[in-house]
Amino acid sequence: MKSLVAVLSLVLAMFLGLCPPMHAQETPPAPTISSSAPSIPPNADPAMATRAWLDTVPADKRARSDAYFEGGYWLLLWNFLLSAAISVLLLTTRISARLRDFADKIAGKTVSIFPTGRFCRIIEWLFLNALRVLLYAIPLLLLVNVLGFPLHVYEHFFREHAYGMATQNFGQWFSEQLVALAVGLIVSSIALVALYFVFRHAPRAWWIWGTATAVVLVMGLTLLFPIYVEPLFNKYTELTDPKIKDPILAMARANQIPVTKVYEVDASRQTKRVSANVAGFLGTTRIALNDNLLKQCTLPEIREVMAHEMGHYVLNHGFKLVLYSGVSFLFAFGLARVLFDAAARRWGNRWGVRGIADPAGLPLLSFILTTIFFLLTPVSNSAVRVTEREADAFSINTAREPEGMAKVALKLGEYRKLDPSPMEEIIFFDHPSGRARIRMAMDWKAAHLPAGGAE
């Protein structure tokens with residue numbers, strides 16, 4: 001099951017382009033896709049130039065990349081089905097109702113600790129309701145994580161090693177999962193206490209106030225996650241090489257990004273993927289790139305990647321996607337209100353679910369929301385892909401490195417399908433495909449005027 005907070009976390013991850021930090025027999029590392037420029041005649045048609053770049057990738061490497069990415073389509077389905085199955089299990093076996101009863105019993109025994117008086121009664125009421133939610137949610141979330149662990153360990157450890165993407169042994173990986181679990185429990189607890197406060201006080205309009213609460217939670221996580229959570233998993237050190245640092249800071253100054261340092265992240269401890277980000281607010285803004293990017297890419301490629309990340313910052317994509325999430329949550333919560341009430345009326349007595357304010361109904365609400373967001377996958381992917389496309393356009397005009405953009409697209413093609421069908425890209429891609437990115441670079445190169453304009 002994906003709890004309501006897990007859905008929030010998934011939406012956040014989608015918006016940020018992040019993956020949760022996730023000893024098999026090792027296979028050889030995935031073959032590195034060559035980034036050498038093809039021989040393209042001057043003034044070549046952009047479509048022909050794009051095909052020439054794609055043709056530099058050998059068939060075996062293309063097949064491996066396609067197999068890895070297409071396997072993700074099935075994992076999307078299996079994760080949804082597992083989530084639905086766990087939700088149904090928790091409801092039909094009344095595990096959820098028993099946990100609710102346990103939480104009510106323990107919380108009820110704490111009443112005697114509060115002195116009498118109107119003010120203390122208010123504190124008691126708030127405390128007891130928060131305690132009930134926590135005593136229910138924490139064991140439930142632990143149980144859900146245990147039930148979902150087999151698929152999780154396959155998807156994020158064994159499969160990553162099978163395709164040569166991961167660098168940790170099982171002990172290192174598992175220790176990070178425990179840290180991630182602790183962080184998840186804290187975030188989930190805060191979110192659920194806030195949401196059930198809304199559900200209890202607005203039983204009819206909860207879907208409206210729940211949307212507002214969810215948006216605040218997503219915005220808070222969007223702002224805080226890169227600065228305060230990511231350092232729990234990786235070390236950030238100041239990049240001192242002026243050949244790399246100075247060009248990045250020059251682009252930042254040109255785009256009014258308030259930073260004076262660039263940080264390197266030791267992501268190679270976990271993965272072979274390249275990544276970077278520009279994140280922060282109110283004086284915490286930070287530019288960071290992982291060490292894989294430094295090791296695998298040339299300076300023009302690094303400039304292109306960093307300009308892309310600056311594009312997200314300058315164009316306020318984080319806040320725009322939070323607003324999109326608000327629309328998505330409003331639709332999903334509005335539909336969930338109708339479906340939840342109908343299901344509770346029909347099966348509530350059998351499951352021990354008393355209504356939306358009853359924590360025992362969380363698996364039902366989770367099942368409904370997970371189903372809605374699963375069906376909205378093409379819509380949410382397209383929303384993110386549009387912002388990625390805008391960041392690509394910003395980067396090509398800032399870094400002015402069309403060949404660097406094409407080479408990076410090929411490097412990302414080690415784990416993203418380079419040349420999907422149009423419908424495949426709409427449904428499954430939350431970033432432009434390699435083909436689309438190379439075509440943008442070739443279009444820019446063909447249309448670009450020399451600095452100062454043509455006479």
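D55 is exposed, at 52% relative accessibility. The model is predicted. D55 forms a salt bridge with R51, and the closest N and O atoms lie 3.9 Å apart. R51 is partly exposed, with a relative accessible area of 36%. The pair is one entry in a longer list, as the structure holds 21 salt bridges. In general, side chains of opposite charge can pair when their charged atoms come close.

**Pairs around R100**

R100 forms a salt bridge with D101, at 2.8 Å from N to O. R100 also meets D358 in a salt bridge, at 2.5 Å from N to O. This second pair links distant parts of the chain. R100 sits in helix α4, residues 95–108. D358 sits in the loop between α11 (317–351) and α12 (362–375). The two residues are 258 residues apart.

Is R100 buried or exposed? R100 has a relative accessible area of 5%, so it counts as buried, the limit being under 20%. D358 is buried too, at 7%. D101 is partly exposed, at 37%.

The three salt bridges described here are listed below.

| Salt bridge | N to O distance |
|---|---|
| R51 and D55 | 3.9 Å |
| R100 and D101 | 2.8 Å |
| R100 and D358 | 2.5 Å |

Which residues are linked with R100 in a network of salt bridges? The network holds R100, D101, D104, R132, R354 and D358.

**Packing of α11 and α13**

Helix α11 ends before the loop that holds D358. Helix α11 also packs against helix α13, residues 377–399. The axes of α11 and α13 are 11 Å apart, and the angle is about 160°. Angles over 145 degrees count as roughly antiparallel, so α11 is roughly antiparallel to α13. The crossing of the two helices is right-handed.

Which residues of α11 meet α13? On the α11 side they are H317, L321 and Y324. On the α13 side they are V379, S380, A383, V384, T387, E390 and A391. By class, this contact has six nonpolar, three polar and one charged residues.

**Summary**

R100 is buried and pairs with both D101 and D358. These residues belong to a network that also includes D104, R132 and R354. The pair of R51 and D55 joins a partly exposed residue to an exposed one. Helices α11 and α13 pack roughly antiparallel, with a right-handed crossing.

Methods
Residues are numbered from 1 along each chain as its sequence is written. This is a predicted model: local features need pLDDT of at least 70, side-chain atom pairs count only at pLDDT 80 or more; totals for chains, interfaces and linings use all residues. Side-chain values use heavy atoms; hydrogens and water are left out. A salt bridge is a side-chain nitrogen of Lys or Arg within 4 Å of a carboxyl oxygen of Asp or Glu. Buried means under 20% relative accessible area, exposed over 50%, partly exposed in between (1.4 Å probe, protein chains only). Helices (H or I, at least four residues) and strands (E, at least two) are DSSP runs, numbered from the N terminus. Axes are lines fitted to C-alpha atoms, for helices over the stretch in contact, and angles run from 0 to 180 degrees between N-to-C directions. Angles under 35 degrees count as roughly parallel, over 145 as roughly antiparallel, 65 to 115 as roughly perpendicular and the rest as oblique. A crossing is left-handed if the near helix is turned anticlockwise from the far one by less than a right angle, and right-handed if clockwise. Contact means heavy atoms within 4.5 Å. Ala, Val, Leu, Ile, Met, Phe, Trp, Tyr, Cys and Pro count as nonpolar, Asp, Glu, Lys and Arg as charged, and the others, Gly among them, as polar.
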